[in-house]
Amino acid sequence: MFNPSERERYSRHFILEGFGEDAQQKLKEARVLVIGAGGLGCPALLYLAAAGVGTIGIADGDHVSLSNLQRQVLYGFDDIATNKAKAAARKLSLNNHEIEIRAIQEFINVNNAVDLISEYDLVIDGSDNFSTRYLVNDTCVMLGKPLVYGAIFKFSGQLSVFNYQNGPTYRCLYPEAPAEGEMPGCGEIGVLGVLPGIIGTWQAAEAIKVICGTGEVLSGKLMTLDLTGNEVQYFSFAANPQNRIITQLEAQEYSCEINIRELGWGELLLLRSTQQVRLIDVREEEEYARQNIGAENIPLDHFKKRVKEFSTSETLVIHCQSGQRAKKAIEALPEGVNAYLLKDVKWNWS
């Protein structure tokens, strides 16, 4: 069951009353998928790997940026521009080589959700947008998989467990998503860096309780945390049987935030020193002719017509005069294309 290295590694679990070798064996046999290796995913992944979860999947198509380092504690400066799932898997393997860690370098979507989630026993949702949350919930309901939910906003966090032993689902708590633009994301209003560390670690704890059958699982209850007043509250909610009737998945259009990653001037120089970068100016030709930084000129209208030409294997850095057209260009790109918005353009750079 356990080799000598594992016995030493998990010795504090073995001697823990109410846990012991039986619970550790359940962890060893468990398969957990963590969706999103960002602020919530990083601490959850650290503690799942340390606890000895036998197979961990990490699904994230995003890449590490400098602004992530304030809260995404798995990464360092050298990981900037690296896929998060890949970087996280590498770091976790240094902590525990006894487990299998799978880096899934893509975002979950309506086309791959069933295939991805069906391979795992439990899902931890560390996503930061409503479209992914509803998609993950619906897929877990269809497949009968428990889902550990966490969310953060400024100084506050939420935690719950959905679809546990036919318990309430995410839609039982939140039947409908907010209107687009109604809820700003952390890229607009900020988040205290330690907050996702607390909620993400709590997600790992709930996952371990579900796997091992230990303690009271947070099913049918929403826990809220307000760091400003150190307040923790619990709210009960009931299951709606209609929310378990899901026969097919639908692509969701609503979202609280389009993730536009920005690069400063120094970050661009660093990025260009480590990999090939395709620098694109989406201003009009006459603007480009008056002044440019030597980027490839593809005006926004032409860019939108050519989005299928861009490969997921290349890194795009896009700029314009104010940033607005560059944002529209990035929003038009297919999912999985690695793109950044260049801010604070230095017109004398070559």
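Two strands count as paired here if DSSP finds at least two bridges between them, and that is the sense in which strand 5 and strand 6 form a hairpin with two residues between them. The model on your screen is a predicted one, and the tour begins at this hairpin.

**The hairpin and the strand beyond it**

Select strand 5 (residues 147–153) together with strand 6, and you will find them paired in the antiparallel sense over seven bridges. For a landmark within the pair, pick Gly150, whose bridge partner in strand 6 is Leu159. In the turn, click on Lys154, which has a positive phi of about 55°. Strand 6 itself (residues 156–162) is mostly covered, with five of its seven residues buried.

Now add strand 7 (residues 221–226), which runs antiparallel to strand 6 and is joined to it by four bridges. Leu159 serves as the landmark again, since its bridge partner in strand 7 is Met223.

**The eight-stranded sheet**

Extend the selection to the whole open sheet of eight strands, whose order is 3-2-1-4-5-6-7-8 and whose pairing is mixed. At the edges stand strand 3 (100–104) and strand 8 (231–236), each with a single partner strand, so one side of each is left without a neighbour in the sheet. On average, and with direction ignored, neighbouring strands of this sheet are turned by 15° against each other.

Within the sheet, select strand 1 (residues 31–35) and strand 4 (residues 122–125), which run parallel and are joined by four bridges; here the bridge partner of Leu33 in strand 4 is Val123. Then show helix 7 (residues 130–143), which packs on the sheet and touches strand 1, strand 4 and strand 5, its direction making about 170° with that of strand 5. Helix 10 also packs on the sheet, touching strand 1, strand 4, strand 5, strand 6, strand 7 and strand 8, and its direction makes about 170° with that of strand 5.

**The nonpolar cores**

In soluble globular proteins, nonpolar side chains tend to be buried together. In this model the largest nonpolar core has 50 residues, and those with the most contacts inside it are Leu45, Leu48, Ile58 and Ile124. Helix 10 (residues 194–212) gives the most to this core, with eight residues.

Select Ile58 and display its surroundings: leaving aside residues up to four places away in sequence, the residues that Ile58 touches include Leu33, Val34, Leu45, Ala88, Leu92, Ile101 and Ile104. A second, separate core of 25 residues can be coloured in contrast; among its members are Ala59, Ile117, Val123 and Tyr170.

**Helix 4 and helix 5**

Why can helix 4 be called largely enclosed by the rest of the structure? Eight of its 11 residues are buried, so the description follows from that count. The buried residues of helix 4 are Gly41, Cys42, Pro43, Ala44, Leu45, Leu48, Ala49 and Ala51. Just after helix 4 comes Gly52, whose phi is positive, near 100°.

Bring in helix 5 (residues 84–95) beside helix 4 (residues 41–51), and you will see axes that come within 9 Å and cross at roughly 35°. The crossing in which helix 4 passes helix 5 is right-handed. Leu45, Leu46, Ala49 and Ala50 make the contact from helix 4, and Ala88, Leu92 and Asn95 make it from helix 5. By class, the residues of this contact divide into six nonpolar, one polar and no charged.

**The five-stranded sheet**

Move next to the open sheet of five strands, in the order 9-13-12-10-11, where the pairing is parallel. Strand 9 (262–263) and strand 11 (296–297) stand at its edges, each with a single partner strand, so one side of each is left without a neighbour in the sheet. Strand 10 (residues 277–281) and strand 12 (residues 315–319) run parallel and are joined by five bridges, and the bridge partner of Asp281 in strand 12 is His319. Helix 14 (residues 324–332) packs on the sheet, touching strand 9, strand 12 and strand 13 (338–342), and its direction makes about 175° with that of strand 13.

**A last stop in a loop**

Finally, select Ala177 in the loop between helix 8 (170–173) and helix 9 (186–189). With 23% relative accessibility, Ala177 counts as partly exposed. If you draw a distance from Ala177 to Ala289, C-alpha to C-alpha, the two are 45 Å apart in space and 112 residues apart in sequence.

How values were computed
Residues are numbered from 1 along each chain as its sequence is written. This is a predicted model: local features need pLDDT of at least 70, side-chain atom pairs count only at pLDDT 80 or more; totals for chains, interfaces and linings use all residues. Side-chain values use heavy atoms; hydrogens and water are left out. A nonpolar core is a set of buried Ala, Val, Leu, Ile, Met, Phe, Trp, Tyr and Cys residues joined through side-chain atoms within 4.5 Å. Buried means under 20% relative accessible area, exposed over 50%, partly exposed in between (1.4 Å probe, protein chains only). Contact means heavy atoms within 4.5 Å. Axes are lines fitted to C-alpha atoms, for helices over the stretch in contact, and angles run from 0 to 180 degrees between N-to-C directions. A crossing is left-handed if the near helix is turned anticlockwise from the far one by less than a right angle, and right-handed if clockwise. Ala, Val, Leu, Ile, Met, Phe, Trp, Tyr, Cys and Pro count as nonpolar, Asp, Glu, Lys and Arg as charged, and the others, Gly among them, as polar.
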